[in-house]
Structures are given as C-alpha cells and as structure tokens.
Amino acid sequence: MRTARAALVGAFGQPSSSQFTNLTGTATVTGVGFFDFLHGQTGVAPNGIELHPVIGFTSLSGGAAPPPPVSPETGAATGCDPAYPTVCIPPPPPDLDCGDITFRRFTVLPPDPHKFDGDHDGIGCES
C-alpha cells in the first residue's frame with residue numbers, strides 16, 4: 001500500500017486533504033474490489049465498485065512533470081528554486097503565478113517566493 005501511494009504521489013503530487021482531487025490520464029490500479037452501495041460519494045463509479053486497499057499503481061499517461069534536472073556536482077536542481085523541489089520553477093524575478101506555469105499540485109516549501117501555496121498546505125497551484 002505504501003508503494004502504491006508513493007507511485008500515485010510521484011505521478012500526480014500530494015493530494016489535497018480538504019477537497020476531492022480530479023485526476024486525468026490513465027493508470028493501472030490493483031486492489032481488492034468490492035461493491036459499496038451508492039450513497040452520494042464524490043467520484044464514485046456508476047456501479048459503486050471501490051478498491052480497498054489499493055496495492056499497486058502505475059501511471060500510463062498524464063500526471064506531473066518529470067523531476068527537475070540535477071547538477072552532477074552538487075546534486076541540486078539547476079536553475080530551479082529550492083522551494084519547489086518536485087518541479088523546476090525559476091526563482092524570481094519575474095514573479096510568477098499559477099497561470100504562468102503548467103505545473104499543478106506540486107510540493108511547496110517555505111518561503112514560497114512565488115506564493116503558489118495560497119492555503120499554506122504545502123501544495124502549489126491546487127485549483
């Protein structure tokens with residue numbers, strides 16, 4: 001289950017803890033299936049099938065951008081602001097906002113110079 005979760009987060013970023021997250025793309029998901037009754041769940045399959053637990057996840061398309069390029073000498077991302085370790089976004093200037101970049105749902109560390117993490121939950125450009 002931990003490996004499946006890590007693969008999901010690696011492909012799509014950390015999911016929100018406060019709202020449903022729609023994902024796009026295709027994946028192979030392995031888990032134990034059961035049919036739950038329909039009771040207004042968000043994102044439910046039309047027939048009510050669910051997977052609990054998910055024990056495998058492989059992204060086939062979609063997802064986040066690949067990790068930023070790394071300098072072989074320092075091991076640090078090259079030309080990328082360290083506040084955004086899972087994507088490559090340059091430091092200011094200029095000041096960027098979510099409309100200026102293609103990345104969504106990426107890790108944000110303080111001090112967040114571009115202010116991508118408006119709700120301060122560690123995830124940038126969530127909506």
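Is Cys125 buried or exposed, and what is its relative accessible area? Cys125 is buried, at a relative accessible area of 3%. The legends below start from the whole chain of this predicted model and come back to that cysteine at the end.

**View 1. The whole protein is built from one helix and four strands.** Following the chain from its start, you meet these elements in the order α-β-β-β-β. The protein has 127 residues, and 26% of them count as buried. About 8200 Å² of surface is exposed, with carbon and sulfur atoms supplying 61% of it. Among contacts with a separation of 6 or more, 39% are between residues 24 or more positions apart.

**View 2. Tyr84, Phe103, Phe106 and Phe116 come together in one aromatic cluster.** The structure holds four aromatic pairs. In one of them, the ring centres of Phe103 and Phe106 are 6.5 Å apart and the planes meet at 80°, so this pair is edge-to-face. Phe103 and Phe106 are both buried.

**View 3. Phe106 also pairs with Phe116, and this pair is edge-to-face.** Here the rings sit 5.6 Å centre to centre, with 85° between the planes. Phe106 belongs to strand E3 (residues 106-107), while Phe116 is in the loop between E3 and strand E4 (123-124), so the pair ties together parts ten residues apart in sequence. Like Phe106, Phe116 is buried.

**View 4. Two cis peptide bonds can be found along Pro92, Pro93 and Pro94.** Look at the bond joining Pro92 and Pro93 to find a cis peptide with omega of about -5°. Step along to the bond from Pro93 to Pro94, which is cis too, with omega near 0°. As for their setting, Pro93 lies in the loop between strand E2 (49-62) and E3, and Pro94 is also in the loop between E2 and E3.

**View 5. Arg105 has a positive phi although it is not a glycine.** Its phi is near 55°. Arg105 is found in the loop between E2 and E3. If you expected this arginine on the outside, take a second look: Arg105 is buried, with a relative accessible area of 8%.

**View 6. Cys125, the residue of the opening question, is found in the segment after E4.** Its backbone deserves a glance as well: phi of Cys125 is near 50°, a positive value in a residue other than glycine. With a relative accessible area of 3%, Cys125 falls under the 20% limit and is therefore called buried.

Conventions:
Residues numbered from 1 in each chain as written. Predicted model: local features only at pLDDT ≥ 70, side-chain atom pairs only at ≥ 80, totals over all residues. Heavy atoms only, no water. Helix = DSSP H or I, 4+ residues; strand = E, 2+ residues; numbered from the N terminus. Buried < 20%, exposed > 50% of the residue type's maximum accessible area, 1.4 Å probe, protein only. Contact = heavy atoms within 4.5 Å. Areas by Shrake-Rupley, 256 points an atom, 1.4 Å probe, with all protein chains shown as cover. Phe/Tyr/Trp six-rings, centres within 6.5 Å; stacked < 30°, edge-to-face > 60°.
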